[in-house]
Amino acid sequence: MEVRGLTKTFGSVTAVDSLSFTVEPGQVTGFLGPNGAGKTTTLRMALGLITPDRGTTTIGGTPYAALRQPARHVGAVLETAFHPGRSGRDHLRVYCRAAGLPASRADEVLARVGLTPAARRKAGNYSLGMRQRLGLATALLGDPRVLVLDEPANGLDPEGIQWLRGFLRHLAHDEGRTVLISSHLLSEVEQTADRVVIVGAGKLVREGSLDELRRESAGTVTVRTPQADALAAAVAGPGVAVTTAGPGALQVSGLTTDEIGHRAFVAGVELHELSARTSGLEEVYFRLTAGAEQYAATSGSAS
Ligand SMILES: Nc1ncnc2c1ncn2[C@@H]1O[C@H](COP(=O)(O)OP(=O)(O)OP(=O)(O)O)[C@@H](O)[C@H]1O
């Protein structure tokens, strides 16, 4: 799935801004960003539910709207709407008819998502977690190569989350499907996703493997010094990032503790602490999207 230059404006809000990224088969890709970052709008454009101002999305080289029998190519769970009086099984059979699929697919996908025991119960009485499973079953009806799921872990209990992780990884790794899942929490996709696409304020912030992000989170050094400005000047250079981490404390990335200690010594800067530490993925994600969240908060309160 290739997203190229997608842009969408609602009034004065640019929800999605020249966004481009690629989602590969055989992997689970996490689509991450804080609330209001434009994830749902992007997915709705990718699935032809709303029209972008600019840009394209193609699935296996073809725009969604041009796919013949789209259910066989792309399965999506964006918002899950059910007729409350209809059983889960009947809900799926209606979709089978609409998509030209045999009714027997309904029972097959119910079994895949573990809903067989509840198949004949009214969907209106399903728990949130069961509704999520029914949504997933609906997406799987056409046996699609691409799955797009908006916040699929919402409402699932810990056991359900565990099951979902294994299931999505199986669909991608063992069956070679393309799986895209959105979330505003990195922790929610951390154990499922192989890659992440991170957006903030409608723009791409980062696209890459989770391993890359993990490596990045390993390289921060905390320095405490009464001469913070002098130290910042002493370590500055290409590939080095320095941020303030409280009074008299700096975080330096791009240099080892030995290199920072040496530069401080040469510059005559007194050090009180020099420690390498793993900042953790969540912190890297927060740092990447912090500006975007600020922007979202400002634009939200102004409107
Ligand atoms: N139909 C609409 N009309 C007006 N503004 C909209 C509409 N849809 C989305 N927006 C705005 O576009 C921005 C992006 O919203 P979107 O729902 O795509 O973000 P999101 O990343 O999915 O957020 P969340 O995690 O909260 O679901 C927000 O500022 C939102 O208020």
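This passage describes the domains, sheets, helices and ligand shell of a predicted model.

The protein chain is divided into two domains. Domain 1 covers residues 2-209, and domain 2 covers residues 219-277. Their centres, taken over C-alpha atoms, are separated by 44 Å.

An open sheet of six strands runs in the order β6-β7-β8-β3-β9-β10. Its pairing is mixed. Strands β6 (74-77) and β10 (203-209) form the edges, and each pairs on one side only. From one strand to the next, the twist averages 15°. At the β10 edge, strand β9 (residues 195-200) pairs with β10 over six bridges. This pairing is antiparallel. Within it, Val196 has Gly208 of β10 as its bridge partner.

Two helices lie across strands of this sheet. Helix α1 (residues 39-46) crosses β3 (28-32), β7 (146-150), β8 (178-183) and β9. The direction of α1 is at about 145° to β7. Helix α4 (residues 128-140) lies across β6 and β7. Its direction makes about 165° with β6.

Antiparallel pairing also links strands β1, β4 and β5. Strand β1 (residues 2-10) is joined to β4 (residues 54-59) by four bridges, and the two run antiparallel. Here Thr7 stands opposite Arg54 of β4. In turn, β4 pairs with strand β5 (residues 62-63) over two bridges, again in the antiparallel sense. Ile59 faces Thr62 of β5 in this pairing. β4 and β5 form a hairpin with two residues between the strands. In this hairpin, Gly60 adopts a positive phi near 55°.

The ligand is surrounded by Phe10, Val13, Ala15, Gly33, Asn35, Gly36, Ala37, Gly38, Lys39, Thr40, Thr41 and His184. Two elements, β2 (13-22) and α1, give two or more residues to this shell. Helix α1 gives the most, with three residues. By residue class, the shell holds four nonpolar residues, seven polar residues and one charged residue. Helix α1 thus appears in two settings: it lies across strands of the six-stranded sheet, and it contributes to the shell around the ligand.

A second open sheet is built from four strands, in the order β12-β13-β11-β14. The pairing in this sheet is antiparallel. Strands β12 (241-244) and β14 (273-277) stand at the edges with a single partner strand each, so one side of each has no neighbour in the sheet. The twist averages 20° from one strand to the next. Edge strand β12 is joined to β13 (residues 249-253) by four bridges. The two strands run antiparallel. Val242 stands opposite Val252 of β13.

Helices α8 and α9 accompany the four-stranded sheet. Helix α8 (residues 228-235) lies across β11 (220-224), β12 and β13. It runs at about 10° to β13. Helix α9 (residues 257-267) packs on the sheet and touches β11, β13 and β14. The direction of α9 makes about 160° with that of β14. Strands β11 and β13 are touched by α9, and α8 also lies across them.

How values were computed. Residues numbered from 1 in each chain as written. Predicted model: local features only at pLDDT ≥ 70, side-chain atom pairs only at ≥ 80, totals over all residues. Pairing = 2+ DSSP bridges. Axes fitted to C-alpha atoms, helices over the stretch in contact; angles between N-to-C directions. Contact = placed C-beta atoms within 7 Å. Domains from an automatic or database assignment. Near = placed C-beta within 6 Å. Nonpolar A, V, L, I, M, F, W, Y, C, P; charged D, E, K, R; others polar.
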